[in-house]
Amino acid sequence: MAADLEAEVQAIDKSLLECSAEEIAVKWLQANDLQKEVYQHLAYYVPKIYCRGPNPAPQREDMLAQHVLLGPMEWYLCGEDPAFGFPKLEQANKPSHLCGRVFKVGEPTYSCRDCAVDPTCVLCMECFLGSIHREHRYRMTTSGGGGFCDCGDTEAWKEGPYCQKHELNTSETAEEEDPLVHLPEDMVARAYNIFAIAFKYAVDILTWEKENELPGLEMIEKSDTYYCMLFNDEVHTYEQVIYTLQKAVNCTQKEAIGFATTVDRDGRRSVRYGDFQYCDQAKSVIVRNTSRQTKPLKVQVMHSSIVAHQSFGLKLLTWLGSVIGYSDGLRRILCQVGLQEGPDGENSSLVDKLMLYDSKLWKGARNVYHQLFMSSLLMDLKYKKLFAIRFARNYERLQSDFMKDDHDREFSIADLSIQIFTVPSLARMLITEENLMTTIIKTFMDHLRHRDIQGRFQFERYTALQAFKFRRVQSLILDLKYVLISKPTEWSDDLRRKFLEGFDAFLELLKCMQGMDPITRQVGQHIEMEPEWEAAFTLQMKLTLVISMMQDWCALDEKVLIEAYKKCLTVLMQCHSGFTDGEQPIVLSMCGHSVETIRYCVSQEKVSIHLPVSRLLAGLHVLLSKTEVAYKFPELLPLSELSPPMLIEHPLRCLVLCAQVHAGMWRRNGFSLVNQDVVQQNNTLIEEMLYLIIMIVGERFSPGIGQVNATDEIKREIIHQLSIRPMAHSELVKALPEDENRETGMESVIEEVACFKKPGLTGRGLYELKPECAKNFNLYFYHFSRAEQSKAEEAQRKLRRQNREDTALPPPALPPFCPLFASLVNILQSDVMLCIMGTILQWAVEHNGYAWSESMLQRVLHLIGMALQEEKQHLENLSEENVVTFTFTQKISKPGEAPNNTPSILAMLETLQNAPHLEVHKDMIRWILKTFNAIKKLRESSSSSPVAETEGNIMEESSRDKDKAERKRKAEIARLRREKIMAQMSEMQRHFINENKELFQQTLEELDTSASGVHENSPVISDAKLTALGPEQTRVAEPRQVVMCILCQEEQEVKVDSRAMVLAAFIQRSTVLSKNRNKITPDPEKYDPLFMHPDLSCGTHTGSCGHIMHAHCWQRYFDAVQAKEQRRQQRLRVHTSYDVENGEFLCPLCECLSNTVIPLLPPPRVLFNRLDFSGQSNLTQWIKTVSQQVKALQLLRNEDCASHSGHSEKMDQLQLPEGFRPDFKLKNPYSESIKEMLTTFGTATYKVGLKVHPNEEDPRVPIMCWGSCAYTIQTIERILADEDKPLFGHLPCRQDDCLTSLTRFAAAHWTVSSLSAVQGHFCTLLASLVPNEKNGNLPCILDIDMFHLLVSLVLSFPAIHCQDFSGVSLGTGDLHLFHLVTMAHIIQILLTSSTEENGMDQENTNSEEEVAVLTLYKFLCQCTGSALKEISSGWHLWRNLKAGIMPFLRCSALFFHYLNGVPAPSEIQVNGANQFEHLCSYLSLPNNLTCLFQENSEILNTLIESWCSNNEVKRYLEGKRHAISYARESNKLIDLPDDYSCLINQASNFSCPKSGGDKSRAPTLCLVCGTMLCSQSYCCQTELEGEDVGACTAHTYTCGSGVGIFLRVRECQVLFLAGKTKGCFYPPPYLDDYGETDQGLRRGNPLHLCKERFKKIQKLWQQHSITEEIGHAQEANQTLVGIDWQHL
Ligand SMILES: [Zn+2]
Ligand SMILES: [Zn+2]
Ligand SMILES: [Zn+2]
Ligand SMILES: [Zn+2]
Ligand SMILES: [Zn+2]
Ligand SMILES: [Zn+2]
Ligand SMILES: [Zn+2]
């Protein structure tokens, strides 16, 4: 980039560079007509800088603009060098105490739930961290861009408006002070001049509409070049634009993507540069190509000078924004300039001009000037007000423009309303002075023009365009909400008048909604198209909150409330005047009462569910009920004007409609009545009516209706939600009603009614209802849906049964009504009600004769219960002077009168109590009778009013009760005794466990750990010394291994010559252990994997679920899967979670993702260890022998190549070492089936590990097998070490089995590969430590992973040894190889040791080991020519060596354990002391490792010298290259911050690396390496293996060899990816205080890192289980399979 810029600079016109800002400024200072001078300057230079070709060069343009154009302005403004002038200004400035930081997209914002005046008040992260709100309840969100920090705005916060940073300034600055006093006078004048000119220039050019002329600027150079400018719209998709551009301007896809990205970001981009015709041609192609379905893309051919000036105009606005940042005085001047009215009067100020031109501007330009408005007008207290007035006056026009605008609201000036209207003082000022409420409502109504004959809104035949417009109109409701959001604390007469005026307008609006969109039940014919209902419904929903806010306002002032009530009543009367037109009232009679009503058949005539006026009036009525007037002088209220029929009629119709819907009468809007059960319908209607009465009488928990407060209301809501089941915090919040501040008020009461249970490693925290709250449960709670009601009923009954209580769910005792509603309770004891109750009970008694339902009876019982509760309370609260008027018990004791002579309600209940068909309700009936008696007693004791004589059977009842009570008491005693015994027993049990704690612990652990580990232990005598390898190897009889096939359930023994048994396995490439993630992957076809580099940058991991099958059963299964998959793909074209073509399948038992199988084998070494003359050759001799054999083989091979003749001849010449028979061919001991499986698994390892096509002949196959064995052991060793678990006995079975078969397989694989290839590998491997003349150019010992080398050497050695008949045992070879590699590793460690002598306290011991290692080190220094750092402390060296070699020894112990089957000594099955010594003993090593060198000094000195003389080693010692040092630290996932907002902040500062500083839309963090990526976006797609992939997928290929773990920061979601087609989302490790994750960041509760959950993710990664996890997720949720993971 820098080089590009230099080249550009050189190409620049010299005259531009020679411009002197100072000289120009001086000229301007002397000018008479400054504007003319400046314009001339701009006219000349702007086109020279800005339009220089097809592509913009922002860096050069910015540089030149600063130098030639802005520089002079700054000089002029400051009157001196701005480098001094601006800092001076800044110093002199008394800065604002407002923060005003404008939010970037995705930046975190905070709102305090305790102190923010409304949820739109937010703080930036810095201010938040320095504020008192940190300790409060806060919400965190990510900004959508735009908007600014409200820190310092006293109107925004009830408390703590300033953060620490912005508080400092408040004491000094008086609010009213004019900031201009801090500026020198001459500067004020200059600022006016230059601001006026610059601002005007920018506004003129941006709003300029002529094509070939410029505002006041002559075109100096009339070179006629043009741009074809493409504009953004919200209609066309990215793909459409890209496709069209490729066609129209003949560009590549990449360029087209570039254009489209810029158009989307900036709002416009030139796509062609040249003469007019050339550009016009492109324009017509674009228009033609995009005009087919929708309106065409906007394209304009523009003169290049205009484009140049517009670019500079924008630059100038940005410049103004930054200059005013230096001084509040300058800011004020700019505000003044902007709002100054021009010569054309109203709307002629620059600010007005821009606002009114807004919808015609492109996105980029809007953004720039909106930002300027925010940093100027909205930051100046005085001008904020003036600007608010301009905004309000233009409101109607701005909104109309917005309706037609093709951009979303966030890009429209209309969106600024949130910044203005939510300021309480401004909102109130605008209401009183500008009549804003009325304006908003009128504007809203103007945009909904379609009305029916009655003047109501009509949404019939609703087109897509209207729907689009309707969505926009809704934003006006939002504005109204903003204006109302903060309620007045004081009322002026003006405010009252204007509010009521607005209220009038609002009523007009509601009037248009009252009764809109009526529906008629359709009978007999099927309706093809549902009539449009959504629009009207949406409108009502959106207005609900506004209605309640209006009510809140009214509630604050009694005068306003009464006025509003009257107005509302008047409007309601207007709405329904004449609702009885043409109808004769009819008279209904019942129980001696009669009433006049209108006949209206809801099931036949029109009904509307939209009754907002009725709702508003009802709400106001409740408010009135709360006022003092209502208590003291109800006659002052306009209650006399209420006409019940008018009030009730329409809501009642609506309720009837609802009841009919429940009864199924409106199903399919009337589709055929034939199948409907009329009896059933009638029953439901009766049930619904009873339910309605329950609600009318029982729902008193709104302040004003009942004598309750808001806390009681919310408590009741919570109790009923938790009665259904325990709930997580978020579920509960969702179920509770929210106020306009999105608050439920739940926190303040939750602890009184619920207990919180914390979550475990999965799941979430739950609230449980406190047992004592169950008595408040009301089965007919009006916020229950049908489903919730029945769930709650079931749950509550179950709970009672568990507590051994009766299952009656009686109505709870209710709070008393407010006086205005007090008479409602009389419904319960009215004659009609009693008659209804009696009738239904009668039906139940004679249950065969009538159509009735149990629900009916249940509701009647509930109503009776309510009446009893009511009466009981009346009696309990009885004061001296009052008479109890509620006499329900008396009324139900009376039998019906003649002629019917029906039994009393009470008598019928008595009868029903024993009815066998009503078992469920028995408990409830008993409760009623019991309560009845209790009330009777109460009455007797108060005895102020004599009670009517009751029937005798009640007395019997009470004796029966006594009986029952006695039984209950006895049962209780029995229960207590039982409990006591139980408690004693469990105490004894605990005691026992305590005493035998260790025993229990052991059993538990044994259950935990591998079964095979346990049984291998059994044959060993515990005090014998166990040795894993070498001639001293402990001999153990391998137990017979009999396994069962999961497919055919047949058992079989694992033997060399039987049919193969296999384990399902999954092989994958892995970078989990990588110490170098930037390594470029070599060409797989040529790559030689023989030596693993110690950076372990890419390994091959093998895992298994441990499930065993016959090889042939598996093959049959796999063939079936393959065939099925082929059929499925043809039929459905869907993918599965596994890739069959790549050999993947799911384990038939556990559905674990697998891609091959490992054969099970008996221990392979036993087969080849023919001879054993223990300890007959030492290392030196052995190396000599083997070297001779190697040499012989190499010579033979060379001869083989050179000529095929005279083979035997040469053999003789060679002088073969004694007993070596290179022509000996070993007979393969394995059965055909096992051999086949050896090849299968070997080839799979090769294919996956190298990412190549399978080729079983390739000599690299055995190498990959050894490598996978070594790598898998290393990963397991790391996991055990990281978890601080002992090496043996703690692996899960499946891993233990996997390692056993993997190691045995790797040891047996040479028998199916080419013998000479394996021999060749051994020779090369050995040559890396024991050099010979044939193998040059091998990696130096610093560049070899010694454990991989050990495994490969040991496992390839049998290929040589099988031809050796000299009598040396295989075990001897293993031991020597192991010792040799161990010594090489020691040298490796000492060479790379970064021992610091200081810093660590040295123990003064001078042990044998320390002396020896120091001697060895000195020898090394000698060999390296003293290039090694001098170290004199043996203690440090020995410590370092032990730590460095430990992982190697642990891996080796695992390896030889699995290879030879020698059980591990019990000491390394626990974490005890002296692990090192025990390991050495198991591995046949001296505790003092350096003894190895002393014992074999003869050959070792030579070897060490040869290792050290390697060129690479020298370069390393000279500091010219890097090398891995030991012990390698375990890889972990990156550290995550505790507070999630830190990540949000980090992500918001991250910009797309490919599109020039643009913010990334989906910033995604790699949890493996910490790279932030721009995911899911065109800009960062790259090509991978011929396919376009997103940034994440591309990253996984370098960072995780195809596997990736990411955190999508905006979504707060973990993403797992594997390959291009596999992926899943995973819950993030961040939880809120309620133990819940917040995927999608919807709730905004503060989130903190849950370390345990993060560890779980890390463990999945370390265990290589990510792919498996994805597989399981995809199997569980098929929609995941369809996602284009590769584009993330
Ligand atoms: Zn701030
Ligand atoms: Zn602040
Ligand atoms: Zn607060
Ligand atoms: Zn089988
Ligand atoms: Zn399985
Ligand atoms: Zn990008
Ligand atoms: Zn990464």
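This is a short talk on one predicted model, covering the chain as a whole, a zinc site, one loop residue and a sheet.

I'll start with the overall numbers. The chain has 1688 residues, and 53% of them count as buried. There are 62 helices and 25 strands. If you take contacts between residues at least 6 apart in sequence, 75% of these join residues at least 24 apart. The accessible surface is about 77,900 Å², with 51% of that belonging to carbon and sulfur atoms.

Now the zinc ion, ligand 3. Which residues coordinate the zinc ion? Two cysteines and two histidines do: Cys 112 and Cys 115 through SG, and His 133 and His 136 through ND1, at 2.0 to 2.2 Å. Along the sequence, the spacing of these donor residues reads C-x2-C-x17-H-x2-H. Take Cys 112 and His 133 as a pair: Cys 112 is in strand 1, residues 105-112, while His 133 sits in the loop between helix 7 (125-129) and strand 2 (138-144). The two are 21 residues apart, and the pair links distant parts of the chain.

Why is the arrangement called tetrahedral? Because the 4 donor atoms subtend angles of 99 to 116° around the zinc ion, and the cut-off for four donors is that all angles lie between 85 and 135 degrees. For reference, the ideal angle for four tetrahedral donors is 109.5 degrees. As for accessibility, Cys 112 is buried at 4% relative accessible area, and His 133 is buried at 1%.

Next, a single loop residue, Thr 887. You'll find Thr 887 in the loop between helix 35 (854-876) and helix 36 (888-893). Is Thr 887 buried or exposed? Its relative accessible area is 15%, so Thr 887 counts as buried. Beyond its neighbours within four places in sequence, Thr 887 contacts Gln 829, Glu 871 and Arg 939.

Last, the sheet. This is an open sheet of 5 strands in the order 18-17-21-22-23, with antiparallel pairing. Strand 18 (1572-1574) and strand 23 (1622-1626) are at the edges; each has a single partner strand, so one side of each has no neighbour in the sheet. On average, neighbouring strands are turned by 30° against each other, ignoring direction.

Strand 22, residues 1613-1618, pairs with strand 23 over 5 bridges, and Val 1614 stands opposite Tyr 1626 in strand 23. Helix 60, residues 1591-1599, packs on the sheet and touches strands 17, 18, 21 and 22. The direction of helix 60 makes about 135° with that of strand 21. Helix 62, residues 1666-1676, lies across strands 21, 22 and 23, at about 80° to strand 23.

Note on methods:
Residues numbered from 1 in each chain as written. Chains lettered and ligands numbered in written order. Predicted model: local features only at pLDDT ≥ 70, side-chain atom pairs only at ≥ 80, totals over all residues. Heavy atoms only, no water. Donors = N, O, S within 2.8 Å, 3.2 Å for Na, K, Ca; no water. Tetrahedral: all angles 85-135°; square planar, octahedral: opposite > 155°, others 65-115°. Helix = DSSP H or I, 4+ residues; strand = E, 2+ residues; numbered from the N terminus. Buried < 20%, exposed > 50% of the residue type's maximum accessible area, 1.4 Å probe, protein only. Contact = heavy atoms within 4.5 Å. Areas by Shrake-Rupley, 256 points an atom, 1.4 Å probe, with all protein chains shown as cover. Pairing = 2+ DSSP bridges. Axes fitted to C-alpha atoms, helices over the stretch in contact; angles between N-to-C directions.
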